[in-house]
Amino acid sequence: MRFDPAGRRLLVSVRELVGASLPSPTPRASTPWRARLGQQAHLRYRALRADEVELVDSELSLSCERALRNHHASVRGRADVGVRDPDGALVVEEVKSLSLERDADPADLGAEVDAAVFQACIYALCLEERERLAGLDTPVRARVALVDVSEDRYQLLEVGYQRAATEQRLDAAIEELLAL
């Protein structure tokens, strides 16, 4: 995160915004071993999804601009996976790796799933903005993919992306950072 007080400009990553909303420490602390498992699960997931849907991109770079009070914020990040659904909609899929046997109920993951949903919605907002700037009216959706770290299994959560609600929550998160 970078802030230019003279220019009243904030440059922040989606991960920084979402991370600020998580309790600390997170239930599954990050370790090199856990990071490696997560990377492997992400790769397996992309391969599985490529066989099922049209894979648009992995590590999809996205950004959007927000004007708040007397400040301007640039929000940037990389969505894990972008796919095109059969109906033509572009879908951002945020991948979270875990043990599905142990953590099978998304409700048990609470703040982590909520953060992943928020992250997916921010990426969907950025993707929707990119499409509109290109003169396209492509429908955009968001999903969270809970991917098993040890098997080729996953569970998709439809997020129900809503632009206005996402903008409101995103602006509140940025305002909170600006208040620090």
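**Salt bridges and core of a predicted model**

Q: Which is Arg 143, buried or exposed?
A: Arg 143 has a relative accessible area of 6%. Buried means under 20%, exposed over 50% and partly exposed in between (1.4 Å probe, protein chains only). This is a predicted model, where local features need pLDDT of at least 70, side-chain atom pairs count only at pLDDT 80 or more, and totals for chains, interfaces and linings use all residues. Residues are numbered from 1 along each chain as its sequence is written, side-chain values use heavy atoms, without hydrogens or water, and Arg 143 counts as buried.

Q: Which residue meets Arg 143 in a salt bridge at 2.7 Å?
A: A salt bridge puts a side-chain nitrogen of Lys or Arg within 4 Å of a carboxyl oxygen of Asp or Glu. Here the N to O distance is 2.7 Å. The partner of Arg 143 is Glu 158.

Q: In which strand does Glu 158 lie?
A: Strands are DSSP runs (E, at least two residues) and helices likewise (H or I, at least four), numbered from the N terminus. Arg 143 is in strand S6, 15 residues away in sequence. Glu 158 lies in strand S7.

Q: Which helix does Glu 59 reach through Arg 46?
A: Glu 59 and Arg 46 form a salt bridge, with closest N and O atoms 2.8 Å apart. Glu 59 lies in strand S3, so the pair ties together parts 13 residues apart in sequence. Arg 46 belongs to helix H2.

Q: Which element gives the largest share of the largest nonpolar core?
A: A nonpolar core joins buried Ala, Val, Leu, Ile, Met, Phe, Trp, Tyr and Cys residues through side-chain atoms within 4.5 Å. The largest has 39 residues. The largest share, 12 residues, comes from H3.
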